[in-house]
Structures are given as structure tokens and as C-alpha cells.
Amino acid sequence: MKNNKINIHFLGAASTVTGSKYLVDTGDRKILIDCGLFQGLKELRLKNWEYLPVEVSKIDVVLLTHGHLDHTGYLPRLVKQGYNGHIYGTNPTLDIAKIILNDSAKIQEQEAERANKEGYSKHSPALPLYDLKDVEKTISHFKDIPQSQWIPLFDGIRARFKYNGHILGATFIELDVHGKRFVFSGDIGRTNDLLLYPPLKPKKADVLFIESTYGGRFHPDEVEAIPQIEKLVNDTINRGGSLFIPSFSVERAQLMMLVFWRLLKENKIPKVQMIMDSPMGANVLELFHRTRDWHRLKDNECDEMCSYFTVVSSYRETMELRTDNKPKIVIAGSGMLTGGRMLNYLESQTQNPKNTLLFIGYQAEGTRGRKLLEGDKELKVYGKWVPFNMEVAEIKGLSAHADHAELMDWMSKLNYKPERIFIVHGEKESAEALQKGIKKTYGWDAEIPELYSIEEIE
């Protein structure tokens, strides 16, 4: 039966950049778009331990825009709270979600174990947010769907997933509910990406949810970033240091491998050991081979690039490499230093001023990465404070997120003004800048919803 009123519950990535979750309640059906983990500020991270303020067992279906942790990382908690329906996403999205969730569970189990052993947690015992068994149970709900095809969900409700750049498998989601179209942007990719194709653009939206990660900010071109990287590598290696790149293991790690491989082939950087230390990143490399139609990289390029790198998967190898002071290039997770293998390297390498720490992606408020960019001279690793003397550099042209101009352009094919526009997935300043940009360019009013607010759509 058609219900005239639809309620939208903003359960995450509202007035903040992490934890994407939007519940569409049609009255007789409840559809959750994305199910991400909060990262960054402690007050947000604590929300990961709370129950959602909705009846989870009554949610009918989950639709995923892409596989990143801030869009999928809460799924095991959702299943623990009684969710029992399908979790839909494109094939690469679900593959990436499997890799990311397993990695996340392992890190949480290891950190809980280490905290209990070394006694630095306030909790006794320290527990993981979820474990590998929880992830296994969650994956059993996964159901892959093709891109660009309408999928009937319920009577009068259908969904379509369309290519969006950003990472392998990423899409924006069009949801038709009794003739009204809801468009969820997910994370929008770059127009000119070295690895991925340009995002498609929606042509119709009655209600639009648009991300604002880089609202008000403009990226230099990726091509302009390459000479900066070349200089940084040469400066660091020439003074006897190593270059450490915290990277998101999905797509950005592979992009950095591509950049370093090409620089080396062109004899623009010295031949030093190049390490990609991420079991997750190694799994994603396999995924590149299986997803030819999602990216620009040819199979032979992928193989040759990998042959130049030491791809580390065992923790023991990480522990051996982290104390080796020979100049090298290390790519390791996580991108915002919220966890992952990079912390092991930094624990033993931060005091060496010859080393460089290079940030290539967004650093959310409250993360270690943001604090170091803002000038912190100490780093908290596994409950201990270590002095931080490394050089810090940031290169902005390599972001996987659309900048302000690209966000504005993504809306350019809409053939009429949306009834409502919600600006999501951005910190206050970015969201407000995008709001002003939409008004100036299109003359449309847009709203910035608060976390846990509920909006009624007529």
C-alpha cells in the first residue's frame, strides 16, 4: 500500500564526515543506505558501541554505495542487533567489504589482546567491537547486483546502482519509492583519475543526498602531484631517510604503487626497496585482475607493477622491516592512522628526522593523521606516547574524492530542481561551503541535517 509520507533517519555522516547510514522509512518498508563505522573524534567513535536508535530487526534491506569502512564497517554490529535481510552491493563492493571487514575485525581482536596484555585499556577486559565470527555471519547476507540495472526490491520500490569512480565498485544509488526518486551520492570520484573512469551523473532526483567531503576546496590535478612526489622521494632518500605513506588499502594504495613504479621506470627516483605492507591491499590487487571493466589498468601493467614491490602480508615480516633503517618507500594502512600496519612502523621510526611521513588522502577531525598535520610533536601508539621528529608532507592532488568544482559538476545533468537537497558526509565548514555553492550555481536551497535527526518527505 502506498504511504504518502516517507521519513529519513540520519543515523550517520550528518554534520560529520564518517559513519554513513541513512534509513528510508516508507511506513511499510525500511531501507538502510550504507552502514558505516564512525572514525576520528572519540565522541563519535563511542557511538559505534551504542545500539542504533531504530528497530534494527524491522529493517528490510541494506544497500551499499561502496566498500569503505565508513560506509560498511558497522554491518557486523547491525547483524548482532538483529538484522536478518539481504545486504546488496556491486560485486567489487562486496569483495572489498569482505576484505575490509575481516581486516577490521583482525585489527580489533589484536588491539584488544594487546591492550589486555599491556594493561593500557580502561576496560577490563578490553573487547573488540566485533570479531571474525561476526564478520562471517554478516557476509552470509551479501547479495551482489549488476550496475546500471533497475532491481525490484518491493512492490512499488526499486533501486539502481551507477558507476561513481572513487574506488572499485563504487556507485551512487537511485531509489524509486512509489514514483519519487531518492538519489544517494555515496562518495563521488574524480573526473580525471589515473586508475578509474569518470563518475556518471544523475539525471533526475526528487530528493538528493550529496556528500561534501571537499566542499569549498579544490584539488590540484593528479598529474601536477607527480613532480611533487618525485621531489619528496629524492629529498628523503638523498638524506638517508625513508618515505612512509599511510594509505587506504583500497585503490589509493594501488594508485601510489602505480605512481612509484612509473617514476622508477623513467629513472626519476633512485632504486630502493618499495614495500606495500597491507594484507588487505594485496587482496585488492587480486581484485584489480578480476574487475577489468571497473578501472583503466591493463593486466600486464598490474603484474609488472607488483613485481617491483615487496608485498608484505605477515605481521612477523612487518615487525622485522620496521626496525630496518635502510632508505625505502613504505605504503601501509591505515590512511588516517586510526589503526593498521603503519602504526608499527611509526612506533620505531618517528624519532628519525631523516624520515618523511606523506599524507595523500583526507584526514578526518580527531584522527592521528589530522593531529600530525596540525603540528603535534608526539604520537600515541598502542597506549604509549612517542616523540615525533619526522618531516610531514601532504599532497592533495591524489584524493579519491571529488573536489568542490567536481561536486557541482556532478549535479549538472539533473533535468529539474530537486524538492529537497541534503548535504551529508562533510565537516561543518565543507558542508556550508557546498550549500553556498549550490545556491550560487543553481539557485537551489540545500539543508545540512543534524546527526540522528528525522526528516519527513511529503
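**Surface patches, a buried helix residue and backbone outliers**

At 44% relative accessibility, Trp49 counts as partly exposed in this predicted model. The residue is found in the loop that runs between α1 (42–45) and β4 (61–63), and together with Leu46 and Leu127 Trp49 forms a nonpolar patch on the surface, for which the accessible area of the three residues amounts to about 330 Å². The intermediate label follows because a residue is called buried under 20% relative accessible area and exposed over 50%, and the 44% computed for Trp49 makes this residue partly exposed.

A second surface patch is positive in character and is formed by Lys42, Arg45, Lys122, Lys371 and Lys380. One of these residues, Lys122, lies in the loop between α4 (91–118) and α5 (132–139). With a relative accessibility of 76%, Lys122 counts as exposed, since the limit for that class is over 50%.

The interior of the model is illustrated by Gln254, which is found in helix α7, spanning residues 252–265. The relative accessible area of Gln254 is 0%, and this residue is therefore classed as buried. When residues up to four places away in sequence are not counted, Gln254 touches Leu195, Ser249, Gly281, Val284, Leu285, Phe288 and Met305.

Backbone geometry was considered next. Ala13 has a positive phi of about 50° although this residue is not a glycine, and Ala13 is placed in the loop between β1 (6–12) and β2 (21–25). Ala13 is buried, its relative accessible area being 0%. A positive phi is also found at Asn267, another residue other than glycine, where the value is near 55°. Asn267 belongs to the loop between α7 and β13 (273–277) and, with a relative accessible area of 68%, is exposed. The two positive phi values thus occur in contrasting settings, because Ala13 is buried whereas Asn267 is exposed.

A further backbone feature concerns the peptide bond that joins Gly333 and Ser334, which is cis, with omega at about 5°. Ser334 itself lies in the loop between β15 (328–332) and α11 (342–349).

Definitions and conventions:
Residues are numbered from 1 along each chain as its sequence is written. This is a predicted model: local features need pLDDT of at least 70, side-chain atom pairs count only at pLDDT 80 or more; totals for chains, interfaces and linings use all residues. Side-chain values use heavy atoms; hydrogens and water are left out. Patches are made of residues with over 30% relative accessible area and no salt bridge: like charges are joined within 9 Å, nonpolar side chains (Val, Leu, Ile, Met, Phe, Trp, Tyr) within 5 Å. Accessible areas come from the Shrake-Rupley method with a 1.4 Å probe; for residues, only the protein chains shown count as cover. A salt bridge is a side-chain nitrogen of Lys or Arg within 4 Å of a carboxyl oxygen of Asp or Glu. Lys and Arg count as positive and Asp and Glu as negative; His and the chain ends are not counted. The place of a charge is taken as NZ of Lys, CZ of Arg, CG of Asp or CD of Glu. Helices (H or I, at least four residues) and strands (E, at least two) are DSSP runs, numbered from the N terminus. Buried means under 20% relative accessible area, exposed over 50%, partly exposed in between (1.4 Å probe, protein chains only). Contact means heavy atoms within 4.5 Å.
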